[in-house]
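This report looks at how two chains meet and at the sheet that they share. The sequence and structure come first.

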Amino acid sequence: MTTEGGVQYSKIAEIKGPLVIVDDVENAAFDELVEIQTTDGERRLGKVLEVGNGKAIVQVFEGTTGLSISGTNAKFVGKVMEMPVSKEVLGRVFDGLGRPKDGLPDPIADQFIDINGEPMNPEQREYPKDFIQTGVSVIDGMITLVRGQKLPIFSGSGMSHNLLAAQIARQASVVGTQDDFAVVFAAIGVQYSEAEYFRRSLEESGALKRSVLFLNTADDPAIERIITPRVALTVAEYLAFELGMHVLVILTDMTNYAEALREISAAREEVPGRKGYPGYLYTDLSTIYERAGKLNGRKGSVTQVPILSMPSDDITHPIPDLTGYITEGQVVLGRDLFRQGVYPPINILMSLSRLMKDGIGEGSTRADHGEISNQVYDAYSRAQEVRALAGIVGKAGLTEIDLKYMDVGDVFEKEFLTQATDENRTIEETLGVLWKIVSKLPKNEITKIKDKFIEQYYQEE
Amino acid sequence: MASNSSLEQAIDKILVKTEKEILSDLEKTGSDSKNILDNALPKLQQEYDKIISDGKKEADKIEKQIVGSSDIELRNKQLLLLEEAVDKVFSKALDQIANVDRNDDYSNLIKTLLKESTNVLGTSEITVNTNTKDKDIVQSMLSQFPGSELGSDSIDCLGGIIVKSKDGSMTFDNTIDAKIERLKPLIRKEIASKFGVGN
């Protein structure tokens with residue numbers, strides 16, 4: 001931090017969408033923070049997007065509504081945007097730009113950190129392999145999340161992704177260690193009622209004291225959404241790598257982030273890519289997602305669960321498509337299950353955690369975890385085929401074993417998948433239900449589990 | 001008489017048979033009830049364990065809620081108290097700065113601020129504004145900065161100067177107020193550490 005301030009320029013050449021173009025600018029830097037002062041003394045924040053030929057293009061986070069060319073001043077602050085961080089941020093609620101939203105003063109900062117973060121040195125990355133218990137059976141049992149992983153949730157408009165996000169934020173914990181655990185929750189462009197739900201849900205469950213909330217609501221300026229995930233991740237990195245905590249970052253809804261990016265891109269008259277999103281959407285998303293991980297020699301970890309709603313439930317849409325290239329698996333919510341009233345409506349056959357195999361088994365969850373999970377996956381997949389067949393030939397045309405698989409499908413959805421929003425299941429309880437499902441099948445149908453586990457856990461009727 | 005005796009015999013037989021049947025039924029019912037009770041016991045034990053475990057889970061949840069919200073409430077009150085104390089220290093410090101002696105050291109400070117401002121703006125064609133207290137000092141310094149002039153308007157500040165390029169396109173706020181504002185987070189941290197926070 002410096003005592004030297006920046007120069008204020010008063011020649012505004014143009015105001016275009018969320019951008020302000022300032023003339024006769026010398027010595028401005030890329031990404032430099034800019035304070036825009038309106039005629040009535042109101043201050044808004046922005047950052048430099050481009051500099052050259054004596055002009056600077058400034059992106060105004062709070063929007064340009066009400067700004068006019070005459071009387072508006074732009075002060076180039078001489079530093080990039082920083083987030084004040086300290087342990088005191090835990091239990092606090094901030095807006096999308098990192099300003100207190102809970103009526104309390106600014107946190108007393110231990111450090112001021114550039115919100116753009118430092119890319120993690122690939123050589124220093126440590127392979128993620130420690131289990132995080134979310135208390136949600138289908139995630140813990142079959143799409144296991146590990147510390148340092150980035151595992152997105154692909155949802156659709158109106159589905160229960162926010163309920164799931166809040167449940168994970170309330171219940172998530174690291175088992176078998178005394179290390180501190182924290183949740184950084186960034187709500188990006190959510191409705192006011194949803195933001196209130198997140199806040200109340202964490203407050204009432206007592207989980208707020210180990211959480212930090214960043215709330216950017218739908219009526220906040222869209223451009224603020226570009227900053228929200230970055231301030232959230234800056235805090236997460238500080239908690240993880242400076243204070244040694246295991247931090248789970250939940251970002252919802254990344255679709256709103258991508259739309260804000262599209263808005264800026266259109267205002268800058270850039271050549272549009274697929275569906276009007278900028279061609280650098282992949283690179284931009286990677287600057288967020290790649291901020292998850294573990295570092296050699298550091299105690300903490302940053303785990304990311306970005307949530308995105310797929311427009312028209314289209315998984316080939318650029319946002320889920322490009323997200324899927326960067327992240328390590330995906331949790332997909334299914335519209336059919338949602339319509340049936342199943343919560344959480346996770347379509348297990350389309351979901352995958354690429355790092356699961358390294359985070360489960362003896363020493364982390366239980367020795368039989370991998371095998372029972374594979375067996376249930378296989379059985380549920382078969383159950384879906386049998387259901388399709390029953391739709392054609394009727395139940396009467398099914399064999400006895402087909403009927404057992406149908407039964408497996410029903411028990412899977414009713415007892416394993418379905419869970420109350422305040423039900424926190426331990427991994428032992430989850431594995432117990434998985435064995436209950438497998439035990440619906442005769443032993444000769446169980447081909448993916450070692451005999452010793454069958455002897456130990458198979459539940460005879 | 002003979003018919004009476006055979007009737008009695010028949011009645012006795014029926015009574016004995018019925019008694020046997022009733023006793024056997026009673027025995028069977030007793031044994032069935034015992035079996036049912038025996039079979040129900042493990043289930044009962046399971047239900048009992050489940051109720052106890054659910055109750056414990058619920059109690060843990062409520063305990064977490066109560067402890068969590070009281071911790072937050074306590075911390076928030078501490079933060080507000082700390083902020084109040086920091087504000088008091090701050091306003092006292094600002095009072096002292098506002099009433100500092102305009103001596104040689106202060107004149108040197110103004111000279112440094114002028115140099116800094118012309119460097120940042122990249123021109124010496126400047127108009128300098130200051131508060132009424134500092135006008136004379138600034139005026140005396142301007143002779144060392146050819147092309148500069150003192151603005152007619154006074155500004156409301158603790159001390160220091162605001163420098164504008166003569167074409168009005170650039171302004172540099174080099175007042176003490178602006179410097180304090182920029183350093184406020186660090187000063188707050190410093191004050192808070194005196195109260196034992198953030199050490």
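## Strand pairing across the interface

In this predicted model, A:Tyr9 stands opposite B:Met170, a residue of β4(B). The two strands concerned, β1(A) and β4 of chain B (residues 170–175), run antiparallel and are joined by three bridges.

Within its own chain, β1(A) is also joined to β7 of chain A (residues 73–80), by two bridges, and this pair runs antiparallel as well. Here A:Gln8 stands opposite A:Lys75 of β7(A).

## The shared sheet

Which strands make up the sheet, and in what order? There are 11 strands, ordered β2(A)-β3(A)-β6(A)-β5(A)-β4(A)-β7(A)-β1(A)-β4(B)-β3(B)-β1(B)-β2(B). The sheet is open and its pairing is mixed. Its edge strands are β2 of chain A (12–16) and β2 of chain B (148–150), each of which pairs on one side only. From one strand to the next, the twist averages 30°.

Strands of a sheet pair through backbone hydrogen bonds, in either a parallel or an antiparallel sense. In the order of this sheet, β1(A) stands between β7(A) and β4(B), and the step from chain A to chain B is the antiparallel pair joined by three bridges.

A helix of chain B, α3 (residues 135–142), packs on the sheet. This helix touches three strands of chain B: β1 (126–130), β2 and β3 (160–165). The direction of the helix makes about 160° with that of β2(B).

## Extent of the interface

How many residues of each chain are in contact with the other? Chain A contributes 33 residues and chain B 30. The area buried between the chains is about 2800 Å², and carbon and sulfur atoms give 58% of this area.

## Polar and charged contacts

Between chain A and chain B there are three salt bridges. One of them links A:Lys209 with B:Asp71, with 2.9 Å between the closest N and O atoms. The chains also have 13 residue pairs in polar contact, counted where both residues are at pLDDT 80 or more.

On the side of chain A that touches chain B, β1 (7–9) and α3 (192–205) of chain A each supply at least two residues. The largest share, three residues, comes from β1(A). By class, this side of chain A has 11 nonpolar, 11 polar and 11 charged residues.

Definitions and conventions
Residues numbered from 1 in each chain as written. Chains lettered and ligands numbered in written order. Predicted model: local features only at pLDDT ≥ 70, side-chain atom pairs only at ≥ 80, totals over all residues. Heavy atoms only, no water. Contact = heavy atoms within 4.5 Å. Buried area = accessible area lost by both parts, 1.4 Å probe. Salt bridge = Lys/Arg side-chain N within 4 Å of Asp/Glu carboxyl O. Polar contact = N/O pair within 3.5 Å; in protein donor to acceptor, adjacent residues only side chain to side chain. Helix = DSSP H or I, 4+ residues; strand = E, 2+ residues; numbered from the N terminus. Nonpolar A, V, L, I, M, F, W, Y, C, P; charged D, E, K, R; others polar. Pairing = 2+ DSSP bridges. Axes fitted to C-alpha atoms, helices over the stretch in contact; angles between N-to-C directions.
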